[in-house]
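Visitor: I'd like to learn how the labels on a protein picture get decided. Can you show me one and take me through the reasoning?

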Amino acid sequence: MSNGDKVCLVTGASSGIGYAIADALRADGFQVVATARREDRLLQLQAPNVAILTGDLSDAIFQDKIETFVYEQFGRCDYLFNCAGTIATGTIEAIDIDKVTDMIQLNVTATFRLTYKLLKRFRQQGSGHVINISSILGTKVRPTAGAYAATKFAMEALSEALRMELTGSNIQVSCIEPGLVMTELHKDWEVHPKDGMGIHEPLSTGDIVATVKFIMQQPAHVRIPRLMILPKDHNI
Ligand SMILES: NC(=O)c1ccc[n+]([C@@H]2O[C@H](COP(=O)([O-])OP(=O)(O)OC[C@H]3O[C@@H](n4cnc5c(N)ncnc54)[C@H](OP(=O)(O)O)[C@@H]3O)[C@@H](O)[C@H]2O)c1
């Protein structure tokens, strides 16, 4: 199949990592379904090979709508990029618990449910690839990042179980585990983590796109279940 025959569903496509991935896939000629809440941002991806679907991924009805749209429009999906995500930080005792439950709803529940639904389709078509944007915080915990890390550990657990359950099939799952990437994720922070962590040159979204391309370019017999990517100053 050529790129033009392959369909990529990208969540969180309105900014940061998801936007960069959707933009790169668009430029490489894939059929891209880009989804997030901010339509004005999604419209910046507009192209003949990009379909835009605006809505709140935390809403199960919208997840169903995405699946229906992809399969009615294209009849298949080759890649699911789970990029939508948010971060809530603070000590476990003092963190805003409503922000935590919203974060779990998006980072965990929506990711699990959309993946679950697409996997059934992947089984029917006999192939498919889930690419999850996890985090280094899916592999280790830091004080004040426990709640966010819990959501990324959940993503890693889902992916590792899937890796084993999908053994021998043409369906695969990969987790990318970035350190600090310059996006809008930390835009409301009083102290940006690059200053808090002494990271002079954070990763760019282009670095993550290069990682995605590396994973996608592997031959059919190769699996990359996890791939960590860190800025050079990352020391914890
Ligand atoms: N930046 C980093 O340092 C870093 C490091 C490791 C991992 N990550 C992970 O990378 C992923 C992407 O984050 P980013 O850094 O690119 O941040 P970002 O620029 O803030 O992008 C987050 C994306 O998620 C979407 N989103 C948020 N809430 C949503 C909702 N309820 N429904 C639908 N879409 C929603 C946003 O779109 P709308 O607001 O338009 O809905 C946006 O497109 C996240 O899972 C994050 O945990 C980031």
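Guide: Sure! One bit of vocabulary to begin with: helices (at least four residues) and strands (at least two) are DSSP runs, numbered from the N terminus. Also keep in mind that this is a predicted model.

Visitor: Okay, so where does Asp 59 sit?

Guide: Asp 59 is in the loop between strand S3 (50-54) and helix H3 (60-73).

Visitor: What makes Asp 59 count as buried, exposed or partly exposed?

Guide: Buried means under 20% relative accessible area and exposed means over 50%, with partly exposed in between. Asp 59 has 36% relative accessibility, so Asp 59 is partly exposed.

Visitor: And how far apart are Asp 59 and Val 209 in space?

Guide: They're 27 Å apart, C-alpha to C-alpha, and 150 residues apart in sequence.

Visitor: How many disulfides does the structure hold?

Guide: Zero. A disulfide is a covalent bond between the sulfur atoms of two cysteines.

Visitor: Why is Cys 8 not bonded to Cys 77?

Guide: The cut-off for a disulfide is a pair of cysteine sulfur atoms within 2.5 Å. For Cys 8, the closest cysteine sulfur is in Cys 77, 7.4 Å away, so that's too far for a bond. Cys 175 is in no disulfide either: the nearest cysteine sulfur, in Cys 83, is 12 Å away.

Visitor: Are those two, Cys 8 and Cys 175, buried or exposed?

Guide: Cys 8 has 0% relative accessibility, so Cys 8 counts as buried. Cys 175 has a relative accessible area of 0%, so Cys 175 is buried too.

Visitor: What stands opposite Cys 175 in S7?

Guide: That's Arg 226.

Visitor: How do you know that strand S6 and S7 pair?

Guide: Pairing takes at least two bridges found by DSSP. Strand S6 (residues 171-178) and S7 are joined by four bridges, so they pair, and they run parallel. As for the faces of S7 (residues 226-229), Leu 227 and Ile 229 are on the covered one, while Arg 226 and Met 228 are on the uncovered one.

Visitor: What makes the link between Lys 152 and the ligand a polar contact?

Guide: The cut-off is a pair of N or O atoms within 3.5 Å. A side-chain N or O atom of Lys 152 is 2.8 Å from an oxygen atom of the ligand, so the pair qualifies. The protein buries 94% of the 880 Å² that the ligand exposes when taken alone. Backbone N or O atoms join in as well: one of Leu 57 lies 2.9 Å from a ligand nitrogen, and one of Cys 83 lies 3.4 Å from a ligand oxygen.

Conventions. Residues are numbered from 1 along each chain as its sequence is written. This is a predicted model: local features need pLDDT of at least 70, side-chain atom pairs count only at pLDDT 80 or more; totals for chains, interfaces and linings use all residues. Side-chain values use heavy atoms; hydrogens and water are left out. A polar contact is a pair of N or O atoms within 3.5 Å; within protein, one must be able to donate a hydrogen and the other to accept it, and residues adjacent in sequence count only if both atoms are side-chain atoms. Accessible areas come from the Shrake-Rupley method with a 1.4 Å probe; for residues, only the protein chains shown count as cover. Buried means under 20% relative accessible area, exposed over 50%, partly exposed in between (1.4 Å probe, protein chains only).
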